[in-house]
Amino acid sequence: MNIQHHLMDETLMAYAAGDLDQATSYLVATHLALCPTCRASADLADDIGGGLIEDVEPVVMDSVSFGNVLERLDAPGSTAELPRAAHVGDNPILPEPLRSIVGGDVDAIKWRRIGPGVHQMRFDDIDGTSSIRLLKIAAGSSVLEHGHNGEELTMVLTGGFDDGDQSFTRGDIEIADQDTVHQPVAMQGEDCICLAMTTGPLKFFDIFGKVAQPFFRI
Ligand SMILES: [Zn+2]
């Protein structure tokens, strides 16, 4: 696994500070289970936050750039230690905490068809206004072209998708916002399963999407 698309530093800082809503926290925790790079950043954010609370003067906050600290960590000779990888048993596709939320691995997912080649499992017991769902896009199929009334974070769990000139495979995060209109297409050869968090409803442009939207709460 070679994760190319990561969470933003601001998201990891907010996660470390406990400022994210439940849906986003689930997605972040799931990415951290697979991504040592972001785990190191989240740990650092934790340390910075803890240090500030303990005894560092507030002015230090302004002078500590998270990006600069990360550069130092990457510097040759850095002894920064990565946390141990989470134990994932017999090669499951769903890492924790997602596996516990679903109640098992991919076999336990209760899919509901929402369109040609596309299924979802929505998590309804989530606090806050953001929503989170698992999506399965059949190999070679695409979701409908859509825009966003908010932020959308999508993390690939298996297979992959192409979106414009970018490709996303296991562990990768795609970040979309109000300015993004896109139509991800699952790669050939394997169904793509991903975890998607949205802070607002999607915007559809064709009649099928507009009709389906209220039924599937997408
Ligand atoms: Zn990452």
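Mentor: Two strands pair if DSSP finds at least two bridges between them. Strands are DSSP E runs of at least two residues and helices are H or I runs of at least four, numbered from the N terminus. This is a predicted model, with residues numbered from 1 along each chain as its sequence is written, and local features need pLDDT of at least 70. Side-chain values use heavy atoms, with hydrogens and water left out, and side-chain atom pairs count only at pLDDT 80 or more, while totals for chains, interfaces and linings use all residues.

Trainee: Okay, big picture: how many helices and strands are there in the chain?

Mentor: The chain has 218 residues, and 42% of them are buried. Buried here is under 20% relative accessible area, exposed is over 50%, and partly exposed lies in between, with a 1.4 Å probe and protein chains only. Of the contacts (heavy atoms within 4.5 Å) between residues at least 6 apart in sequence, 67% join residues at least 24 apart. The tally you want is seven helices and 11 strands.

Trainee: Which strands are at the edges of the six-stranded sheet?

Mentor: The sheet is open and its pairing antiparallel, in the order β1-β2-β3-β10-β5-β8. Neighbouring strands are turned by 30° against each other on average, direction ignored. An edge strand pairs on one side only, which here applies to β1 (112-115) and β8.

Trainee: Down at the β1 end, which residue of β2 is the bridge partner of R113?

Mentor: β1 and β2 (residues 118-123) run antiparallel and are joined by three bridges. Across from R113, the partner in β2 is H119.

Trainee: And β5, how many of its residues are buried?

Mentor: β5 (residues 152-158) has partners on both flanks: an antiparallel pairing over four bridges with β8 (residues 173-176), and one over six bridges with β10 (residues 192-198). On the β8 flank, T154 stands opposite E174, while on the β10 flank M155 stands opposite L195. The strand is largely enclosed by the rest of the structure, because its buried count is seven of seven.

Trainee: Which strands does α2 touch when it packs on this sheet?

Mentor: Start with the direction: α2 makes about 40° with β5, where angles run from 0 to 180 degrees between N-to-C directions and axes are lines fitted to C-alpha atoms, for helices over the stretch in contact. Another helix, α7 (residues 207-216), lies across β1, β2 and β3 and runs at about 155° to β1. As for α2, the strands touched are β3 (131-137), β5, β8 and β10.

Trainee: How are α1 and α2 arranged relative to each other?

Mentor: The axes of α1 (residues 9-16) and α2 (residues 22-34) come within 11 Å and cross at roughly 105°. T11, L12 and Y15 of α1 make the contact with S25, V28, A29 and L32 of α2. Angles from 65 to 115 degrees count as roughly perpendicular, and therefore α1 and α2 are roughly perpendicular.

Trainee: M13 is in α1 too; is M13 buried or exposed, or something in between?

Mentor: M13 lies 36 residues from G49 in sequence and 8.4 Å from it in space, C-alpha to C-alpha. With a relative accessible area of 28%, M13 counts as partly exposed.

Trainee: Now the metal: what geometry does the site of the zinc ion have?

Mentor: Donors are N, O and S atoms within 2.8 Å of the metal (3.2 Å for Na, K and Ca), and sites may look incomplete since water is not among the atoms. Here H6 (ND1), H31 (NE2), C35 (SG) and C38 (SG) coordinate zinc at 2.1 to 2.3 Å, spaced H-x24-H-x3-C-x2-C; H31 is buried at 0% relative accessibility, as is C35 at 1%. Four donors count as tetrahedral if all angles lie between 85 and 135 degrees. These four span 91 to 134°, which makes the site tetrahedral.

Trainee: In the three-stranded sheet, which residue of β9 is the bridge partner of F161?

Mentor: That open sheet runs β7-β6-β9 with antiparallel pairing, and its edges are β7 (166-169) and β9 (185-186). Two bridges join β6 (residues 160-163) to β9. F161's partner in β9 is A186.

Trainee: Last one: which residues does the cis peptide bond join?

Mentor: Most peptide bonds are trans. This one has an omega of about 5°, and P97 is in the loop between α5 (66-74) and α6 (98-102). The bond joins E96 and P97.

Terms used. Four donors count as tetrahedral if all angles lie between 85 and 135 degrees; four count as square planar and six as octahedral if opposite donors are over 155 degrees apart and all others between 65 and 115; anything else is irregular. Angles under 35 degrees count as roughly parallel, over 145 as roughly antiparallel, 65 to 115 as roughly perpendicular and the rest as oblique.
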